[in-house]
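Trainee: Could you go through this model with me slowly, so that I can see how each descriptive word is earned?
Mentor: Gladly; let us look at it together and set each value against its definition.

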Amino acid sequence: MAEATNIVWHAGQVMVEERQGISRVRPAIVWLTGLSGSGKSTLAMALEKPLVERGHLAFVLDGDNVRHGLNKNLGFSDADRRENIRRVGEVAKLFLSAGVMPITSFISPFRADRESVRALVGPREFIEIFVDAPIEVCEQRDPKGLYKKARAALAAGKGLQFTGIDSPYEPPRKPEIHLRTDLMAVEQCVKTVLAYLKDRGCLLA
């Protein structure tokens, strides 16, 4: 599909700083990445709640939720995974302009795709959080039975391109935050992230 050439960016009359005064955040994308079952969605929802309760406007962009609508036409090939993250990055960038803290929960297995989102918004507005748990722990949790299905398919000689089993996961080299969810409770993880956001100046009084 050819890109449209007759489009221009229309700047609004409301300054970003005005929106931030309402939302009480100097937003950055809080990008949670990790294997399926590592605890990304749980952490994202648990982080959103205290932020909003304290008057800091935040919103979770969850991998499954986005695939119900915006990305429902994408599968799980490498190309579709990359397009999935590209679209999410663009949506998250719009959230930044609206003065809202986007909390994204996606496996986002490829390092280059995550770095492309960082480049899209700039290093100041991208916080990569490695939600880390050994694959053995993720398989034990396996809330959707996906690892079991992937193992069975692999044994039958049919690959499902499932991250961690027959498709690679490239962990962050230098994430802003590294959380070992097999060793840390959800509450401890949330406190760690909140403290980082405060120190970084993302939460406005």
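Mentor: Before we begin, keep in mind that this is a predicted model, and take one definition with you: angles under 35 degrees count as roughly parallel, over 145 as roughly antiparallel, 65 to 115 as roughly perpendicular and the rest as oblique.

Trainee: Why are H2 and H8 called oblique to each other?
Mentor: Helix H2 and helix H8, which covers residues 186–200, pack at an angle of about 55° with their axes 10 Å apart. That angle belongs to none of the three named ranges, and therefore H2 and H8 are oblique to each other. The crossing of the two helices is right-handed.

Trainee: What makes the contact between H2 and H8?
Mentor: From H2 come Thr42, Leu43, Ala46, Leu47, Pro50 and Leu51, and from H8 come Val186, Cys189, Val190, Val193, Leu194 and Leu197. These residues divide into 11 nonpolar and 1 polar, with no charged residue among them.

Trainee: Why is Val52 called partly exposed?
Mentor: Val52 lies in helix H2, and its relative accessible area is 41%. Since buried means under 20% and exposed means over 50%, a value in between makes Val52 partly exposed. Val52 and Val186 are 134 residues apart in sequence and 17 Å apart in space, taken from C-alpha to C-alpha.

Trainee: How do you know whether Ser36 is buried or exposed?
Mentor: The relative accessible area of Ser36 is 14%, which is under 20%, and so Ser36 is buried. Ser36 lies in the loop between strand S1 (29–33) and helix H2 (40–53). Leaving aside neighbours within four places in sequence, Ser36 is in contact with Ile107, Cys138, Leu146, Tyr147 and Phe162.

Trainee: What makes strand S3 largely enclosed by the rest of the structure?
Mentor: In S3, residues 101–105, 5 of the 5 residues are buried, so the strand is largely enclosed. Both faces are covered, with Met101, Ile103 and Ser105 buried on one side and Pro102 and Thr104 buried on the other.

Trainee: Which strands pair with S3, and in what sense?
Mentor: S1 pairs with S3 in the parallel sense over 3 bridges, and strand S2 (residues 58–62) pairs with S3, also in the parallel sense, over 5 bridges. Ile103 in S3 has Val30 standing opposite, and Val60 stands opposite Ile103 as well.

Trainee: What makes S2 and S5 edge strands?
Mentor: The open sheet has 5 strands in the order S2-S3-S1-S4-S5, with parallel pairing. S2 and S5 are the edge strands, as each pairs on one side only. The twist averages 20° from one strand to the next. H2 packs on this sheet, touching S1, S2, S3, S4 and S5, and its direction makes about 165° with that of S2. That angle is over 145, and so the two directions count as roughly antiparallel.

Trainee: How do the side chains along S5 point, and which are buried?
Mentor: They alternate along residues 177–180: Ile177 and Leu179 point to one face and are buried, while His178 and Arg180 point to the other and are not. S5 pairs with strand S4 (residues 126–132) in the parallel sense over 4 bridges. Phe130 stands opposite His178, and the bridge partner of Asp132 is Arg180.

Key:
Residues numbered from 1 in each chain as written. Predicted model: local features only at pLDDT ≥ 70, side-chain atom pairs only at ≥ 80, totals over all residues. Heavy atoms only, no water. Buried < 20%, exposed > 50% of the residue type's maximum accessible area, 1.4 Å probe, protein only. Pairing = 2+ DSSP bridges. Contact = heavy atoms within 4.5 Å. Axes fitted to C-alpha atoms, helices over the stretch in contact; angles between N-to-C directions. Left-handed = near helix turned anticlockwise from the far one by under 90°. Nonpolar A, V, L, I, M, F, W, Y, C, P; charged D, E, K, R; others polar.
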